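Let's take a friendly walk through this protein together. Have the sequence and the model open side by side, and follow along residue by residue.

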Amino acid sequence: MDKKFGIKREMRSFLMPRDPSVDRRFRPCPEKQLRLFDEAISETSDNSTDSSDTESDYTKNTEEEGSSIDPGELETGPQVFLRLRPVDIPSKLYVISDCGNVLITSAANENSANNVSRMEKHYSFTSIFDSQVGQRDVYDKCVGPRITEEECVTIMAYGTSGSGKTYTLLGDNVRAGVVPRALENIFTLYDRSVYTTPKLKLINARVLILEDDVMLQEMQMRRQMLALCPDITSQHKRLQQVISGDHEFMEKPMDGVSVMIWVSFVEIYNELVYDLLTMAPRQATVGVPPRKNLKIVCNKGQVFIKGLTSIFVKSSEEALKLLRLGQQRLTYASTAVNANSSRSHCIFTVDVLKYHRSGVTTQNSYKFCDLAGSERVDKTGTIGSRLREAQSINTSLMVLGRCLDAASSTKKKGTADVIPYRDSKLTMLLQAALLGKERLAMIVTVTPLDKYYEENLNVLNFASIAKNILFKQPLVKQHHARYSAFVDYTQSSVAQDKEYIEELEAQNISLRAEVDQLKYDHVLKMQLQEERLRKEITDMFQETIETNLKKSDERHEKKIQMLNREFEAKLASLKRKYEEQIEDLEDEIEELKAPNSDIEIIEDD
Ligand SMILES: Nc1ncnc2c1ncn2[C@@H]1O[C@H](COP(=O)(O)OP(=O)(O)OP(=O)(O)O)[C@@H](O)[C@H]1O
């Protein structure tokens with residue numbers, strides 16, 4: 001691995017500045033002298049007498065930069081924030097300047113493996129959040145204004161593993177991160193304008209009106225999806241209390257505007273794109289999503305993921321539920337620096353679709369991107385699948401660095417470099433932000449410990465490239481589209497009634513479906529009950545018959561025995577009678593055999 005990275009460093013690296021040990025005079029240099037991070041970083045070699053790389057010079061540079069911008073010109077660039085993670089003993093190598101938005105990294109010791117570490121550097125940021133700064137302030141500075149201004153924005157968390165990217169975006173059960181706060185903010189902002197049926201949907205980067213049957217399918221899908229989500233009612237209530245204590249989000253008065261909110265959640269793992277909100281097949285558990293790789297399509301400058309599930313949500317709780325479901329399906333693993341490390345990049349998108357009474361539909365997208373931690377595979381001794389993940393993570397971050405560098409050199413050279421966003425899935429999906437069509441806010445997280453010094457320099461160098469970008473073209477704040485179907489529909493005074501009727505019709509359709517389902521369930525239940533009763537009755541009759549049969553058998557048996565006894569008694573008496581008769585007859589016969597026995601003969605002499 002060392003060898004591989006060694007070879008790469010020969011070329012211009014986007015994660016590592018040039019090796020300062022090489023004499024400046026012998027370095028290859030462009031015709032017009034440009035340093036990779038000029039203006040954003042000032043470097044001072046320990047023994048250098050070159051005073052142009054000092055903090056004061058940095059201030060001068062940025063002032064010049066500021067003055068060169070015509071305030072009337074619509075130039076804008078990413079906002080890059082730095083957040084320092086709280087640690088027990090913070091390294092003394094990082095100091096925040098008095099002005100509060102420059103991080104000065106001191107030179108590390110001479111024995112450092114990397115020569116780059118032997119320099120003092122100044123990194124400027126839009127804002128720096130010290131380790132004491134809480135989630136509220138991070139949200140208020142980085143995201144809140146974008147949502148209130150209704151600007152499309154991509155918020156990207158970038159940093160080394162375990163530095164707090166996921167914590168910043170999602171937070172925990174008490175310290176809500178940027179995403180739960182943004183959801184509360186969005187639903188408060190549109191509160192009474194939130195439409196309860198999915199009439200509009202963003203399909204293949206186009207806002208479309210849904211037919212009733214499609215709308216019904218969407219509602220059924222949403223119901224099934226929400227049923228799969230973990231129960232977060234009490235957790236959501238707690239977070240809501242925390243958030244409402246921290247911020248005073250206001251509802252934006254909107255007349256004749258209906259707002260439909262959709263969410264989607266994707267993961268880029270080993271350069272493959274997975275949908276985190278698909279319906280799991282019957283046999284799969286919540287934690288094991290069907291892993292179907294999705295295709296990214298780029299059509300006339302519009303980038304979208306083909307077949308990505310987008311779920312219609314009516315409340316911040318529903319959106320948070322889906323976020324938690326997606327989180328359960330994300331690829332995490334235990335690494336040397338983080339027991340629960342994200343091994344993939346993930347993007348949670350909230351699309352806000354609006355239709356106005358004027359007949360115009362608009363769309364705002366808020367993308368929250370949690371990048372996997374950049375990692376030193378050689379130092380952490382990563383092996384096997386973790387190594388493959390780490391290489392894939394580092395490669396896609398490298399491409400992101402190249403894209404940012406190409407965008408920033410547009411400003412430096414005044415020529416438009418081709419931005420190589422097609423070189424990775426991540427940069428393809430973030431294309432709109434990388435081309436300046438949407439706002440880009442990068443939250444860079446750093447663990448201020450000595451042992452992460454070199455990794456942190458890479459991250460800070462990366463951030464400084466982003467900080468250097470200025471987009472020439474005006475930001476596309478919202479995508480507008482006019483739909484004739486909505487013109488008539490919304491222009492007349494009857495429009496609102498019609499809207500209400502449509503809503504009722506949609507509800508009616510869904511209620512009818514529900515009634516049909518209930519009827520079907522009822523019939524099925526009755527059939528089952530009848531079957532059970534029939535069986536019970538048959539069993540009962542059979543039992544009765546058997547008992548009766550048994551009783552009758554017993555009765556017959558007794559009767560037979562009694563008759564037998566009577567018969568035997570009769571037989572005995574007849575026998576006795578006939579025996580007596582026989583005896584009499586025998587006596588008579590005896591008497592007849594001796595006929596004169598009753599005559600006494602007397603003879604004379
Ligand atoms: N500002 C902070 N305040 C309090 N705790 C923090 C802060 N930043 C990070 N942590 C804690 O540090 C740990 C690691 O943070 P987290 O998981 O957000 O890192 P990560 O940058 O997303 O890492 P990976 O890239 O490996 O996924 C978590 O337990 C988190 O709660």
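A good place to begin is a charged pair: E438 forms a salt bridge with K367, and their closest N and O atoms are 3.4 Å apart. Keep in mind as you look that this is a predicted model. Where do the two partners sit? E438 lies in the loop between α13 (431–434) and β20 (439–446), while K367 belongs to strand β19 (residues 360–370), so the pair ties together parts that are 71 residues apart in sequence. Both ends of this bridge are under cover. E438 has a relative accessible area of 5% and is therefore buried. K367, with a relative accessible area of 15%, is buried because the cut-off for that class is under 20%.

This bridge has company, for the structure holds 14 salt bridges. Another of them joins E150 and K354, with 2.4 Å between the closest N and O atoms. Here E150 is found in the loop between α4 (144–148) and β7 and K354 in strand β18 (residues 345–356), so this pair ties together parts that are 204 residues apart in sequence. E150 is buried, and K354 is buried as well.

Now turn to helix α16 for another setting. The side chains of R534 and E530 meet in a salt bridge, at 3.1 Å from N to O. Both residues lie in helix α16, four residues apart, which is about one turn of the helix. How open to the surroundings are they? R534 has a relative accessible area of 54% and so counts as exposed, and E530, with a relative accessible area of 43%, is partly exposed. Elsewhere, salt bridges that share partners join R146, E151 and R439 into one network.

Stay with α16 a little longer, and look for I545, which lies in this helix of residues 495–593. I545 has a relative accessibility of 51%, so this residue counts as exposed. Which residues accompany I545 on the surface? Together with I537, F541 and L549, I545 forms a nonpolar patch, and the four have about 400 Å² of accessible area together.

From there, move to a lysine without a bridge. K321 is in helix α9 (residues 316–329). K321 is buried yet has no salt bridge, and the nearest side chain of opposite charge, that of E317, is 4.8 Å away. That distance explains the missing bridge, because a salt bridge needs a side-chain nitrogen of Lys or Arg within 4 Å of a carboxyl oxygen of Asp or Glu. What does K321 touch instead? Leaving aside its neighbours within four places in sequence, K321 is in contact with L226, C229, P230 and I232.

The next stop comes with a label from a record. The UniProt annotation "binding site", from an unreviewed entry, covers G159, T160, S161, G162, S163, G164, K165 and T166. Two of these residues are worth finding in the model. G162 lies in the loop between β7 (153–159) and α5 (165–170), and G162 is buried, with a relative accessible area of 15%. T166, in contrast, is placed in helix α5, and at a relative accessible area of 24% T166 is partly exposed.

Two backbone details in one loop deserve a look. N204 lies in the loop between β8 (200–203) and β9 (206–209), and its phi is near 50°, a positive value in a residue other than glycine. A205 is also in the loop between β8 and β9, and A205 has a positive phi of about 70° although it is not a glycine. As for their surroundings, N204 is partly exposed, with a relative accessible area of 42%, and A205 counts as partly exposed at 22% relative accessibility.

Finally, step back to view the whole protein. Its secondary structure comes to 16 helices and 21 strands. Of the 605 residues, 45% are buried. How many of the contacts between residues at least 6 apart in sequence join residues at least 24 apart? The share is 75%. The accessible surface comes to about 33,300 Å², and 52% of this surface belongs to carbon and sulfur atoms.

Technical notes: Residues numbered from 1 in each chain as written. Predicted model: local features only at pLDDT ≥ 70, side-chain atom pairs only at ≥ 80, totals over all residues. Heavy atoms only, no water. UniProt positions renumbered as here; feature names shortened; annotations may be inferred. Buried < 20%, exposed > 50% of the residue type's maximum accessible area, 1.4 Å probe, protein only. Lys, Arg positive; Asp, Glu negative; His and termini not counted. Contact = heavy atoms within 4.5 Å. Patch = residues over 30% accessible without salt bridge, like charges linked within 9 Å, V, L, I, M, F, W, Y side chains within 5 Å. Areas by Shrake-Rupley, 256 points an atom, 1.4 Å probe, with all protein chains shown as cover.
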